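Dear colleague,

I am passing a structure on to you with this email, and below it I have set out what was found when its atoms were examined. Please read the notes with the model open beside them.

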Amino acid sequence: MAVFSKVLTMLRGNLREIGQSIVDGNASTIYEQEIVEATAHVAAAKNDLTAVMAKEMQAGREIERLRAELQKYEDLAVQALQKDEAGLAEEVAARVADLEVALAEQEEARAQYAAHVARLKDMIRNAEATLREHERQLAMAKTTESVYKATATISQNMGASGSKLMSAKESLERIRQRHQDLADRMQAAEVLEGEFGSKALENKLAQAGIGERASRKAEVIARLQARARPSTPDRS
């Protein structure tokens with residue numbers, strides 16, 4: 001029996017750990033569902049509040065009706081007394097007494113409805129404020145959880161992608177080397193063009209002071225020298 005009891009205790013412990021793990025793993029979902037259910041309860045409370053407010057308004061209308069009827073029968077009782085109709089006046093007075101009782105009951109009922117409405121409104125306002133705070137906390141919790149998950153994912157991927165990053169770096173170096181080779185070949189082609197191509201002869205003529213480029217150079221020098229000489233004043 002002692003062994004069986006310990007086995008049962010172990011099973012209960014395992015179930016507790018599993019249950020706690022499920023709760024911890026779905027804490028945000030559970031929290032959000034609790035907020036949703038609380039919001040539904042507040043909505044139901046608002047609906048109940050409208051019913052109580054309707055009763056309060058109905059009591060107010062009944063009070064106005066009873067007051068008008070009470071005033072009418074009081075006037076009738078006075079008229080009966082003025083005409084020496086004592087018996088009729090007593091009947092009307094009894095009616096007035098009944099109306100006064102009904103009026104008092106309705107006024108008490110309306111006061112109770114009003115107090116209940118005020119209390120329910122305060123409770124609903126407090127509940128809504130609490131819900132807004134919980135919704136804000138839920139949004140923050142979701143954001144924090146997303147950041148933690150993203151950080152964990154990045155950490156895992158960085159370890160797994162280390163070799164890929166090295167391979168990418170090597171590929172970039174090969175591309176840069178190929179571009180440099182192309183640039184060197186283009187520069188070499190320009191050198192060869194200057195030595196053996198159509199521009200080679202023009203370069204040699206220019207170096208010897210022959211040709212259009214040399215003449216233009218001489219003209220520019222002459223023009224600049226003329227501007228540099230001081231002008232001779234006219235003495236005539």
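Helix 2 has 56 residues, and from its first C-alpha to its last it reaches 82 Å, which is close to the 82 Å expected at 1.5 Å a residue. Please keep in mind throughout that this is a predicted model, and that the values given here are computed from it.

The residue that I would point out to you is D84, whose place is in the loop between helix 2 (27–82) and helix 3 (86–160). Just after helix 2, D84 takes a positive phi of about 60°, and D84 is a residue other than glycine. As background, most residues other than glycine have a negative phi. As for its surroundings, D84 counts as exposed because its relative accessibility is 69%, and the cut-off for that class is over 50%.

Turning to the protein as a whole, there are six helices and zero strands, so that the pattern read along the sequence is α-α-α-α-α-α. Of the 236 residues of the protein, 11% count as buried, while the area that the protein exposes comes to about 19,000 Å², with carbon and sulfur atoms supplying 58% of it. With regard to contacts in the protein between residues at least 6 apart in sequence, 77% of them join residues at least 24 apart.

With best regards

Notes: Residues are numbered from 1 along each chain as its sequence is written. This is a predicted model: local features need pLDDT of at least 70, side-chain atom pairs count only at pLDDT 80 or more; totals for chains, interfaces and linings use all residues. Side-chain values use heavy atoms; hydrogens and water are left out. Helices (H or I, at least four residues) and strands (E, at least two) are DSSP runs, numbered from the N terminus. Buried means under 20% relative accessible area, exposed over 50%, partly exposed in between (1.4 Å probe, protein chains only). The expected span of a helix is 1.5 Å times one less than its number of residues. Contact means heavy atoms within 4.5 Å. Accessible areas come from the Shrake-Rupley method with a 1.4 Å probe; for residues, only the protein chains shown count as cover.
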